[in-house]
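Dear colleague,

Please find below the structure that I am handing over to you. My findings follow it.

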Amino acid sequence: MDPLYDPQKLEAQAQQFWAESASFEVSEDPQRERYYCLSMFPYPSGNLHMGHVRNYTIGDVISRFQRMLGKNVLQPMGWDAFGMPAENAAIKNNVPPAKWTYENIDYMRDQLKSLGFGYDWKRELTTCKPEYYRWEQWFFTRMMERGIAYKKTAPVNWCPLDQTVLANEQVIEGRCWRCDTPVERREIAQWFLKITDYAEQLLADLDTVEWPEQVKTMQRNWIGRSEGMEVEFEVPGHDSLMVYTTRPDTLFGATFMAIAAEHPLALLAAENNPKIAAFIEDCKKTNTAEAALEKMEKLGISLGIDAINPVNGESIPIWVANFVLMGYGTGAIMSVPAHDQRDWEFARKYGIEIRLVVTPADGSSIDLESGSYVTKEGVCCNSAELDGLDFETAFNKIADSIELKGKGTRQINYRLRDWGVSRQRYWGAPIPVINCDDCGTVAVPPQDLPVILPEDIEFTGIGSPIKKMDSFIKTNCPTCGKPAERETDTFDTFMESSWYYGRFSCTDQDTAMLDSRADYWLPVDHYIGGIEHAILHLLYARFYHKLLRDEGLVQSDEPFKSLLTQGMVLKDGSKMSKSKGNTVDPQQLIDRFGADTVRLFIMFASPPEQSLDWSDAGVEGAHRFLKRLWKAIYNHTISNTGDNQGTVPDTESLNENQKAMRLKLHQTIKKVSDDYGRRLTFNTAIAANMELLNWVSKFDDQSPMGQAIRQETYENMVLMLSPIIPHLCHQLWQDLGRDSVIIDHPWPQVDEAALVRESIEMVIQVNGKLRGKMQISAETDRAGCEAMAIKNEKVQRYIKDRPVKKIIVVPKKLVNIVI
């Protein structure tokens, strides 16, 4: 054994061994319990950052531990390769997005391997490759047949200069992030998936998964189930307005209606009113995001048309408002300014009546000059027959009345909207649709899939290049054979990440999307990723899994049994980011200290679900521990004369010191096993092993029995640390004389006999203050403990002749003598 710890040398050797032995390649084995551990796959941006390192180290530690429990463990890796960053890089570097992406994948793959992650690389997948998105295209055509996929117009952010749709985050103060051109709101035909058909299932099945309650709550709020009514407001001379409200008890307080700029009633009024037409044009320049609508100034214009309130027959004005979108609900809302802050602000701005119809149950007054009164706890007022009724009673009474009049129906509604999967961008999977003048929208037949995205293109950022490529667009209709054109939109990249976990089970399958191996591995036992993915990615993946189930491709209802959302990596008090200049390059640390040091620090600095504060001193401390562990085992191997590999030959003849050492070892094994398996607190597992190293370093028994106990301790310590620092432990296992490979060795077992204490140390207090300690038999009863404490020489100095009022005994811990 080399006396000096050389991480670069031993890490290269360990990684070479794992690669040549295909150590982490797995196949289906019905005779063994399987375990599927998956970390959210990365976007190939070019370099790993510390967030990646933390995410993937957590997953690797869990995977290695589960393997040591004897399970058949799958831990794969791939690349979420489509998306806007590649297009931005293409513009900046004048290189096709595909070339940039593949080069990044090659570099980042090497980085992952240098960290020693135990991935089954033969299952590697890349979402921008046709062999992957072919099946996504095929599945979409199946959803078209089932009516789950459909096309409709929807508002988008449009940059007229770049001729492209912008994501909400690309609109900065109403302008394009790239060219600063004012952004327009346009109605464009787009493809959607009916996620709303699955809203109730998505809600109910949250109760079946072991996820953080915070994530479940976020999803429940996003789905937004509500019980309310759809109510009809007649508009004399026009079609009625239908609105959904969760507060029909406030209908007597509705003093105006608000409709979207794209509503047919608004467009009709604009034909003869230039001011309304101009306002509608201005609305087209606003961001379509709900968050942006909440923050912007609320503006509107009256149509000069009234609606009839169905509960009291009052005429109330109809306004076009910039905060109402046609794509949400019916594009019309009833406005009760006394009890909705947005409506209150609008009403104050335009001088519309604000009528109180709910008042505190205790009779206290409400100041509507300072804001709205939003509550379900009050009672109705100014509401005719509803006056004095609480929310639930008033809701049911007015609902019964409206239904009896035929002016509305009770309804369960969801905040969730259907998933828009169209993107008017280049770098994505082509939507497999052909548009024919005679046949309309036609799905590409299975035998003609995949529709391949051309990769060798010149990308300028002005629109999508495939929209100008006749070689891509021009085709023939598969139904009638006449000339037709391909769809030039591409899929939202959440499509690729919504089913990749299943494809990992059968990446070599070229005749089907999934096969029977998916049911062997799914659902994923442990899924790991940032909480920023709590809603969209995780919700879409759950929805997609149910689509796969209903298509007969999987049998399970949910894709991920257990979820771990790791905390952020912070430096100088804020999240690491290039813009803040507080990033740390993992590669530099690996080159300087070795991968095991990086892994150890990442796992020791904080529990996985909490934020991690970066510390250079902490990294150096982790490296010092590894050198100390190496040196300790080196000194043991050169002095050990025994041939006892991890076993103590005769536990009956141990002296007290030897028993204490074994007690500490097996207490540590018991604690660390719980830290890994149940609590997932790897930092405390590391701390326990650091404490154990301190103990064994002071254990200077050089007898054959002492050497055997030291060997047992070091072997078990190496086993317990091997999921976290696998390279070092791979080598130390061999240096301790083991012929086997540590990754194939089972997790250490607790020797329950070693945990039985013949004697224990108890603290003695007098009036609550420490006055002494005593060693007693573990079997000593309460009376014996009291008697020995009273007789203790140090305690006698404080008691003397003073009477003892009472004695408090905490079994196996302390005796408190009250005088």
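**Salt bridges and a buried charge**

Arg-423 is partly exposed, with a relative accessible area of 31%. Here buried means under 20% relative accessible area, exposed means over 50%, and partly exposed lies in between, for a 1.4 Å probe and protein chains only.

Please note that this is a predicted model, in which local features need pLDDT of at least 70, side-chain atom pairs count only at pLDDT 80 or more, and totals for chains, interfaces and linings use all residues. Residues are numbered from 1 along each chain as its sequence is written, and side-chain values use heavy atoms, with hydrogens and water left out.

Arg-423 is the partner of Asp-492 in a salt bridge, with the closest N and O atoms 3.3 Å apart. A salt bridge is a side-chain nitrogen of Lys or Arg within 4 Å of a carboxyl oxygen of Asp or Glu. This pair links distant parts of the chain, 69 residues apart: Arg-423 is in strand E20 (residues 422–423), and Asp-492 is in the loop between strand E25 (490–491) and helix H14 (494–497). Helices (H or I, at least four residues) and strands (E, at least two) are DSSP runs, numbered from the N terminus. Asp-492 is buried, at a relative accessible area of 5%.

The structure holds 53 salt bridges. One of them joins Arg-146 and Glu-551, whose closest N and O atoms are 3.3 Å apart. These two residues are separated by 405 residues, with Arg-146 in helix H5 (residues 130–146) and Glu-551 in the loop between helix H17 (536–550) and strand E27 (560–566). Arg-146 is partly exposed at 31%, whereas Glu-551 counts as buried at 19%. In addition, a network of salt bridges links Glu-28, Asp-120, Lys-122 and Arg-123.

Asp-418 presents another situation: this residue is buried yet has no salt bridge, and the nearest side chain of opposite charge, Lys-152, is 5.7 Å away. For charges, Lys and Arg count as positive and Asp and Glu as negative, while His and the chain ends are not counted. Asp-418 lies in the loop between strand E18 (408–414) and strand E19 (419–420). Its side chain is joined to that of Tyr-150 by a polar contact of 2.5 Å. A polar contact is a pair of N or O atoms within 3.5 Å; within protein, one must be able to donate a hydrogen and the other to accept it, and residues adjacent in sequence count only if both atoms are side-chain atoms.

As for the whole protein, there are 26 helices and 34 strands, and buried residues make up 55% of the 819 residues.

Yours sincerely
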